[in-house]
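These are my notebook entries on a structure that I opened for inspection. I kept each entry to what I looked up and what I found.

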Amino acid sequence: MILRRLTLSNIRAYATTATLTFAPPGARNTTLIHGLNGAGKTTLFEALNWVLYGDIVKYPGHLLNESLLRSVGEGDTITGSVSLEFEDAGEKYFLSRGVVGALTGGEVSEKQSGVEMYTIDALGNSKLVKGGDQRILQMLPSAIRTFFFFDGDKIAEFTRPGKEQDRQITRAVNDVLHLELLNRASQHLGDIARQINKKIAERGTAEVKDLQARLERQLALRDQLAENRRLIVAELEDATVRKGQIDHRYRDIENVAKQAARRSQLETEVRVCASRVEAAKVGLMQANLAAFSLPMSGVLAEAEDLLEEKRKKGEIPSDYKDQFLLDLLEHHRCICDRDLRPGSDPYIRVEQLLQQVVPNGLQEKALLLHGEAKRLLKSHDACKAAMLRCMSDIDSAHKDLDALQHELDEVNAALGAESHTDVLELESQRLSLEAEIGKHRTSLGGLEVQIESARAAVERLEKEFHAESQRQQGLKTLTREAAIASRAGNEIAAIRERLIGELRTDLSSEATRIFKAFTWKTDFFERVEVGEDYLLQLFDVNGRDMRGVMSMGETQLLSLAFILAMTAISDHQAPLVIDTPLARLDRNVRLNLAAALPDLTSQLVLFVTDTEMTPEVRSSLADRVGAEYRLSFSDGISQIVDGGL
Amino acid sequence: MARLLVSIDARHHEFYREMAGKDRGKDAPFEHMKDLFVACAAVGLRNGVPVPFAKREGIFDTNAFSQDEWIAFEAAYVAKTQDLEALQVSDRRGNEAVLSFIEEFANAGVGIVKEQVSGRRPEVDLALLLLEAPTTI
């Protein structure tokens with residue numbers, strides 16, 4: 001089956017007509033439909049199931065658009081429909097189902113119509129197909145389609161540990177292999193043989209009667225033993241799972257010891273690192289003090305320039321010049337013989353020069369200031385370097401401290417959860433379970449012997465019974481019939497066992513292949529096995545059964561691997577339509593799943609939430625998406641928006 | 001150098017106590033009020049506009065300044081006033097002139113320091129302010 005186009009009209013939140021064209025098989029075989037929760041993904045998923053099989057799981061009796069229903073007047077009707085165009089075995093089909101809503105006596109009621117199915121020839125001519133429902137079931141039986149069209153709930157069904165999961169898997173295997181038919185056939189033939197035996201006994205001699213009674217008791221005993229065996233196997237498996245969980249708890253306890261040691265180490269490291277932070281802060285405070293003049297570099301440079309200018313002009317140092325000028329004024333004559341009498345121009349000039357000279361008492365201070373301003377300015381580069389180094393130390397120490405504190409918080413949280421672990425109680429439970437397992441194994445061993453012995457006894461008694469009845473006239477035909485029925489029943493039972501064995505092998509190998517494609521711990525997990533009584537088991541590389549110790553994500557993945565393995569071995573060609581498969585998976589698994597899913601089917605339709613649709617998932621799927629739609633929802637109306645591909 | 005009382009605007013006294021006080025313990029970004037005053041003065045000088053006091057309040061004396069700090073103040077004073085007379089060590093009036101000059105610049109800088117040195121890591125904020133870095137790490 002290849003899906004081509006789905007059209008909804010007035011269904012749920014799709015108030016008008018919405019159409020979805022699916023990506024065809026090929027390199028880009030994936031149709032991606034994404035939107036927020038409540039945007040209408042599940043409606044599309046349900047609509048697909050409804051148009052094919054006529055059943056609605058989530059919204060029974062509520063198919064029509066509610067706002068249209070509210071607007072309908074007394075006696076009026078509104079209609080809705082879902083149609084699907086698809087191909088199967090080279091033939092094109094058009095499938096449609098309708099629903100009519102009416103308001104009668106203030107009550108809204110919906111009535112669904114049957115399926116209408118048409119074949120479409122190359123010229124586009126349609127021809128009604130009678131018995132459309134049956135035709136669909138031939139293409140993809142209802143029991144099988146749940147492995148092709150499924151959602152998170154289906155995955156969850158297989159993740160619930162215990163007998164319910166086993167029953168689900170048993171039912172699934174029976175559905176795929178039509179084993180129910182073989183079961184019933186085998187049982188029916190056995191019943192026929194027993195009824196004929198009774199007739200023979202009624203007409204037979206006392207010895208025949210006695211043999212039949214003994215055979216009947218032996219058969220009852222054999223069946224009872226087989227039932228006992230089934231119960232013990234179930235209990236043994238149950239105890240094994242519980243023991244696996246306790247072993248896991250033990251490993252946790254070992255981790256607790258390691259974690260406690262790590263906590264102690266971390267606490268020391270946090271203290272050391274906190275001291276580093278404090279030391280770096282003190283260092284920066286000191287560096288800040290030393291760098292007090294950094295913002296003053298402008299005025300210090302101005303001071304330096306001013307004093308430098310005065311030095312260049314000879315205004316500092318001043319004492320020699322000062323003395324020289326005073327001598328000139330005292331002797332009223334220069335060495336060049338110029339007259340310097342008071343009041344003369346040269347005298348006035350010298351007096352002015354004397355006034356400009358820095359007073360003798362200040363020259364040292366001025367020179368000191370000049371040198372110190374220069375020194376302070378020179379020290380600025382070193383100050384800056386010291387401050388930056390200290391800031392970097394603080395930053396680095398804070399980062400280390402944050403990382404250590406984060407790890408310490410995690411360890412504390414982990415240890416907090418384990419603080420109430422009662423090791424003795426756990427040990428007691430473990431011993432008790434080991435004893436239980438040992439007891440079951442012993443019982444099982446004993447039962448196997450008894451069953452074998454009962455089978456041999458049944459076989460022997462049957463032969464004796466048939467030999468004895470053969471000797472009696474009028475019972476030959478009946479005896480032959482009983483022998484044939486018994487043999488045929490046994491043969492069918494043997495065929496059934498062989499089929500189950502083969503299926504388990506195929507299923508195990510396919511599920512292993514798929515699981516390994518999904519998980520990122522490929523070196524850790526070795527194989528998936530569908531065990532006796534269809535128990536789904538996962539083994540690590542050391543051969544340990546991982547049931548009960550897997551994370552929720554791994555359990556989901558195992559279920560998904562099983563579901564997909566079922567589709568692979570079911571021998572039916574159909575697209576995989578999956579609603580919200582990635583929600584509970586962690587990042588690595590999500591990416592692996594997104595990358596691997598398109599290869600597991602000829603056509604893939606994925607409904608994902610915006611949360612699941614991370615950029616990494618989108619990138620992982622990018623080369624495989626042939627059609628993409630975004631679902632928008634506003635004012636109570638869902639719309640399909642073409643994603644642009 | 002004459003021993004003089006260093007004053008700040010009375011309305012900033014609480015801030016001085018908070019930033020350098022013992023109440024804040026080892027988290028205080030300044031060990032002494034003098035250190036905060038010096039930082040305020042330096043930042044105020046960088047901005048170049050002195051702010052006169054509304055109400056003076058003496059908080060420590062000039063002996064608290066290191067030699068480098070006082071020299072830097074004198075250099076700033078000389079650069080801005082070109083008055084070398086005030087450098088006379090024995091001249092109390094000269095010291096007073098330098099001090100009142102610096103006090104007004106410290107008064108100008110205190111607002112900037114108050115605004116920028118208020119995060120969880122005040123020593124880093126102060127370093128960035130001194131370095132004139134625009135962002136915090």
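**Entry 1. An aromatic pair between two strands**

I began with A:Tyr118, which counts as partly exposed at 22% relative accessibility; the model is a predicted one. The cut-off for buried is under 20% and that for exposed is over 50%, so a value of 22% falls in between. I then looked up A:Phe94 and found a relative accessible area of 27%, which makes A:Phe94 partly exposed as well.

I next recorded the aromatic pairs, of which there are 11 over all chains. One of them is formed by A:Phe86 and A:Tyr93, with 5.2 Å from centre to centre and 15° between the planes, and this pair is stacked. I checked the accessibility of both partners: A:Phe86 is buried at 1%, and A:Tyr93 is buried at 6%.

I then returned to A:Phe94 and A:Tyr118, whose ring centres are 6.4 Å apart. Their planes stand at 45°, so I entered the pair as tilted. I noted that this pair links distant parts of the chain, with A:Phe94 in strand S5 (residues 91-104) of chain A and A:Tyr118 in strand S7 (residues 116-120) of chain A. The two residues are 24 residues apart.

**Entry 2. Other contacts of rings**

I looked up which residues of chain B form an aromatic cluster, and found B:Phe37, B:Phe60, B:Phe65, B:Trp70 and B:Phe73 in one cluster. In chain A I recorded a charge over a ring: the charged end of A:Arg527 sits over the ring of A:Phe539, 4.3 Å from the centre of that ring.

**Entry 3. Cysteines**

How many disulfides does the structure hold over all chains? I found zero. A disulfide is a covalent bond between the sulfur atoms of two cysteines. I also looked up the accessibility of two cysteines. A:Cys383 counts as buried at 10% relative accessibility, and B:Cys40 counts as buried at 0%.

**Entry 4. The interface of chains A and B**

I recorded 38 residues of chain B in contact with 36 residues of chain A. The two chains bury about 3,300 Å² between them, and 74% of this area is on carbon and sulfur atoms. I counted two salt bridges between chain B and chain A. A salt bridge joins B:Lys80 to A:Glu302, with the closest N and O atoms 3.8 Å apart.

**Entry 5. A:Met1 and its surroundings**

Is A:Met1 buried or exposed? I found A:Met1 to be buried, with a relative accessible area of 6%. This residue lies in the segment before S1 of chain A. I noted that A:Met1 and A:Gln573 are 572 residues apart along the chain, while their C-alpha atoms are separated by 5.8 Å. Leaving out residues up to four places away in sequence, I listed the residues that A:Met1 touches; among them are A:Leu52, A:Phe86, A:Met139, A:Gln573, A:Pro575 and A:Gln603. A:Phe86 thus appears in this list and also in the stacked pair with A:Tyr93.

**Entry 6. A:Asn10 in strand S1**

I looked up where A:Asn10 lies and found its place in strand S1 (residues 2-11) of chain A. At 16% relative accessibility, A:Asn10 counts as buried, because the cut-off is under 20%. Not counting residues up to four places away in sequence, A:Asn10 touches several residues, including A:Ala15, A:Thr16, A:Leu63, A:Asn65, A:Leu68 and A:Gly80.

Methods:
Residues are numbered from 1 along each chain as its sequence is written. Chains are lettered from A and ligands numbered from 1 in the order in which they are written. This is a predicted model: local features need pLDDT of at least 70, side-chain atom pairs count only at pLDDT 80 or more; totals for chains, interfaces and linings use all residues. Side-chain values use heavy atoms; hydrogens and water are left out. A disulfide is a pair of cysteine sulfur atoms within 2.5 Å. Buried means under 20% relative accessible area, exposed over 50%, partly exposed in between (1.4 Å probe, protein chains only). Rings of Phe, Tyr and Trp (its six-membered ring) pair if their centres lie within 6.5 Å; planes under 30 degrees apart count as stacked, over 60 as edge-to-face and the rest as tilted. Helices (H or I, at least four residues) and strands (E, at least two) are DSSP runs, numbered from the N terminus. A charge sits over a ring if NZ of Lys or CZ of Arg is within 6 Å of the ring centre and within 35 degrees of the ring normal. Contact means heavy atoms within 4.5 Å. Buried area is the accessible area (1.4 Å probe) that two parts lose on being put together, summed over both. A salt bridge is a side-chain nitrogen of Lys or Arg within 4 Å of a carboxyl oxygen of Asp or Glu.
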